[in-house]
Amino acid sequence: MKFTNDGVPGVSGYFPYNDPEIGTPLKKTESMPLLFTPITIRNVTFKNRIFAAPMCQYSSDNGHATDWHLVHIGSMASRGVGAICMEATSVVPEGRISPEDAGLWTDSQMEPLKRIVNFAHAQGTRIGVQLAHAGRKASTYAPWVRERAGVRNTTVSIEENGWPNEVVGPSPIPWSEDLVEPKELNKDQLTEIEEAFIASIKRCQEIGFDFIEIHGAHGYLLSSFVSPLSNIRSDEFGGQLLENRLRWPLQLIKRCRDAWSKPLFVRISATDWAEGPEQENGVWKQFGIEQSKVYASEMYKLGIDLVHVSSGGNWSNQKIIVVPGVHVPYAESIKQANPQQLVGVVGVITDPKLAEAYLQEGKADIIFLARALMRNPHWPLEAAEQLGIRVKAANQYERAFDRL
């Protein structure tokens, strides 16, 4: 009998083959935690339900991923998550949040992403990307640059590699007094943005991503369209009527769905966290959960596979109450209103037992983690221990997890 350190088939380069896959149970039990139960979404099966949420790194070179991204993504891909969604990746240069944000508006940006996707696949981990346009929150500083400069969230000047004259939005309403007033997008410009998303999706196909998430949260372009705080247009794409405010985002989402055959997610902010009620005397005062339920229902009709629930980011004076599972009540409401819709939730989820409870109680179908994975990429392996099972560690790291 011959024993060899076989490599993973079907990928570029040599990587030791893990059998079973990293992050999957070593032994099946009758009471297997849902966190470590596979889930098939459309035509893709994910080995568990712990997904890495998009995390901006502000470290791209003119939109191109670098070795920082390979290490950042690779550290999670090799430690047991079921899937990774790469950070907000702009479909046009002027749609970046900061000058150092990721992009997918030109073919040269594909090659470094192919390398990252290849590594993730070699570890048995699904990988996707969040396609985005920052809208009226574009051309701002990376967080540490802002902090060192001692300024608030200020628009970056041309001399600082920004594009203050190209910031756009649904209406000429700045996100805050510190950011420039955006130029209102006309219909031709909206069509151009749609075409940019479709062009980026075609690049995603060639790169080999397993899924795509459309960024519709946190006050960026799609999020600003659906809220009455930021969209006061008088045409069919804005104003008080919810149907109008949802029209262009849903139009874009439908085109993306038609162009992409694999799983398609949409991230939303379920509330603006503005002061006062969502609606008063028949007037919408802010975007909130009642409108979010309608939005999610319309997306389900278009074939969106999962709604990724977050909140806030569209109003500079928001008052978010930060508690563990802060967005879970919104996810639960959307799930109850649309039982067939898959729902993912993110936000201060650090306790594996709470994460498991959210799934068991039907409040969500997928748990997205961000900062918890930044602090501890081994979260999935340690979560399994807390939930009473053992899961596969990477071959190279097995001896560090003998106690589990």
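In which loop is Asn 62 found? In this predicted model, Asn 62 belongs to the loop that runs between strand E3 (50-52) and helix H1 (67-77). The phi angle of Asn 62 is near 50 degrees, a positive value in a residue other than glycine. Asn 62 is partly exposed, and its relative accessible area is 47%.

A positive phi was also computed for Ser 139, at about 60 degrees, although Ser 139 is not a glycine. Ser 139 is located in the loop between strand E6 (126-132) and helix H3 (143-149). Ser 139 is buried, with a relative accessible area of 0%; Asn 62, by contrast, is partly exposed at 47%. Because buried means under 20% relative accessible area and exposed over 50%, the value of 0% places Ser 139 among the buried residues, while the value of 47% places Asn 62 in between.

Another backbone feature is found at Asp 19 and Pro 20, which are joined by a cis peptide bond with omega at about 5 degrees. Pro 20 lies in the segment before strand E1 (39-41).

Helix H1, which follows the loop of Asn 62, is largely enclosed by the rest of the structure, since eight of its 11 residues are buried. The buried residues of H1 are His 69, Leu 70, His 72, Ile 73, Gly 74, Ser 75, Met 76 and Ala 77. These buried residues pack against two strands named E3 and E4 (83-90), against helix H2, against strand E6 and against helix H10 (371-375).

The largest nonpolar core holds 105 residues, of which Leu 131, Phe 209 and Tyr 295 touch the most other members. Helix H4 (residues 187-207) supplies the largest share of this core, with eight residues. A second core, separate from the largest one, has six residues, including Ala 138, Trp 163, Val 167 and Tyr 220.

The surroundings of Leu 131 were examined further. When residues up to four places away in sequence are not counted, Leu 131 touches Thr 89, Val 91 and Leu 104, together with Phe 197, Ser 200, Ile 201 and Cys 204. Leu 131 also touches Ile 212, Glu 213, Ile 214 and His 215.

Two helix pairs were then considered. Two packed helices are described by the angle between their axes and the distance between the axes. Helix H2 (residues 110-122) packs with H4 at an angle of about 45 degrees, and the two axes are 9 Å apart. This angle makes H2 oblique to H4. The crossing of H2 and H4 is right-handed. On the side of H2, the contact is made by Met 110, Leu 113, Lys 114 and Val 117, and on the side of H4 by Arg 203, Glu 206 and Ile 207. Four residues of the contact of H2 with H4 are nonpolar and three are charged, with no polar residue.

In the second pair, the axes of helix H9 (residues 352-360) and helix H11 (residues 379-386) cross at roughly 80 degrees and come within 9 Å. H9 is therefore roughly perpendicular to H11. Pro 352, Lys 353 and Ala 355 of H9 make the contact with Trp 379, Ala 383 and Gln 386 of H11. The residues of this contact of H9 with H11 comprise four nonpolar, one polar and one charged.

How values were computed. Residues numbered from 1 in each chain as written. Predicted model: local features only at pLDDT ≥ 70, side-chain atom pairs only at ≥ 80, totals over all residues. Heavy atoms only, no water. Core = buried A, V, L, I, M, F, W, Y, C linked by side-chain atoms within 4.5 Å. Buried < 20%, exposed > 50% of the residue type's maximum accessible area, 1.4 Å probe, protein only. Helix = DSSP H or I, 4+ residues; strand = E, 2+ residues; numbered from the N terminus. Contact = heavy atoms within 4.5 Å. Axes fitted to C-alpha atoms, helices over the stretch in contact; angles between N-to-C directions. Parallel < 35°, antiparallel > 145°, perpendicular 65-115°, else oblique. Left-handed = near helix turned anticlockwise from the far one by under 90°. Nonpolar A, V, L, I, M, F, W, Y, C, P; charged D, E, K, R; others polar.
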